Amino acid sequence: MLARTACDFEDSEVDSVSDDILLLGAAEQARRIAAGTLSPVELMQATLDRLNDVNPQINAIVTRSDTAMDQAQDLEARLEARDELGPLAGVPVAIGRAHV
């Protein structure tokens, strides 16, 4: 089965996504974080909430970081301090393993 896109979800499924921030592309999430209109903590919480909702059915994430929320909070502090950060700072990323 191919990955689903935002267009593949029924309206009821989309409504359950926190303010649709999880349906934004990574570049738009990063732009909003850099502009201060999206909190990295808010985005991480929405990501973790969605993961908790759907992962039991799809079992896509086997191991997750115990420090993800701490890292998001640290990043938020760095943003407030106007530290220079990378272009995708604050955007949650899942890393997969290929079995070959």
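Biologist: Why does Leu75 count as buried?

Modeller: Leu75 has a relative accessibility of 12%, and the cut-off for buried is under 20%, so Leu75 gets the label. Bear in mind that this is a predicted model. Leu75 sits in helix 4.

Biologist: Which residues is Leu75 in contact with, leaving aside its neighbours within four places in sequence?

Modeller: Pro40, Leu85, Ala89 and Gly90. Val41 is worth a look too: it is 34 residues from Leu75 along the chain, and the two C-alpha atoms are separated by 8.5 Å.

Biologist: Okay, zoom out for me. How many helices and strands are there in the protein chain?

Modeller: Four helices and zero strands, which reads α-α-α-α from the N terminus on. The chain has 100 residues, and 22% of them count as buried. Among contacts with a separation of 6 or more, 56% join residues 24 or more positions apart.

Biologist: What makes helix 3 and helix 4 roughly antiparallel?

Modeller: Their axes cross at roughly 160° and come within 8 Å. Angles over 145 degrees count as roughly antiparallel, so helix 3 earns that description relative to helix 4. The crossing of the two is right-handed.

Biologist: Why do you quote both an angle and a distance?

Modeller: Because two packed helices are described by the angle between their axes along with the distance between those axes.

Biologist: And which residues of helix 3 meet which residues of helix 4?

Modeller: From helix 3 you get Pro40, Val41, Met44, Gln45 and Leu48. Facing them from helix 4 are Ala68, Met69, Ala72, Gln73, Leu75, Glu76 and Leu79. Sorted by type, the residues of this contact come out as nine nonpolar, two polar and one charged.

Biologist: What makes up the largest nonpolar core?

Modeller: Six residues: Val41, Met44, Leu48, Ala68, Met69 and Ala72. Helix 3 (40-58) and helix 4 (68-80) are the elements that give two or more residues to this core. There is another core apart from it, with five residues, including Ile21, Leu38, Leu43 and Ala46. As a general point, nonpolar side chains tend to be buried together in soluble globular proteins.

Biologist: Stay with Ala72 for a second. What is Ala72 in contact with beyond its neighbours within four places in sequence?

Modeller: Pro40, Val41 and Met44.

Biologist: Now the glutamine in helix 2 (residues 26-35), Gln29. How do you know that Gln29 counts as buried?

Modeller: Same kind of check. The bar is under 20%, and Gln29 comes in at 7% relative accessibility, so Gln29 counts as buried. Skipping residues up to four places away in sequence, Gln29 touches Ile21, Leu22, Leu24, Leu38, Leu43, Val91 and Pro92.

Biologist: Is Asn55 buried or exposed?

Modeller: Buried: the value for Asn55 is 11%, set against that cut-off of under 20%. Asn55 is found in helix 3, and its contacts, leaving aside neighbours within four places in sequence, are Ala60 and Ile61.

Biologist: What about Asn59, in the loop between helix 3 and helix 4: why is Asn59 called exposed?

Modeller: Exposed needs a value over 50%, and Asn59 has a relative accessible area of 56%, so the word applies. Check the backbone as well: phi of Asn59 is near 50°, a positive value in a residue other than glycine.

Biologist: Which value of phi does Arg82 have?

Modeller: A positive one, about 65°, although Arg82 is not a glycine. You'll find Arg82 in the segment after helix 4.

Biologist: And how do you know that Arg82 is exposed?

Modeller: Its relative accessible area is 76%. The threshold is over 50%, so Arg82 is exposed.

Terms used
Residues numbered from 1 in each chain as written. Predicted model: local features only at pLDDT ≥ 70, side-chain atom pairs only at ≥ 80, totals over all residues. Heavy atoms only, no water. Core = buried A, V, L, I, M, F, W, Y, C linked by side-chain atoms within 4.5 Å. Buried < 20%, exposed > 50% of the residue type's maximum accessible area, 1.4 Å probe, protein only. Contact = heavy atoms within 4.5 Å. Axes fitted to C-alpha atoms, helices over the stretch in contact; angles between N-to-C directions. Parallel < 35°, antiparallel > 145°, perpendicular 65-115°, else oblique. Left-handed = near helix turned anticlockwise from the far one by under 90°. Nonpolar A, V, L, I, M, F, W, Y, C, P; charged D, E, K, R; others polar.
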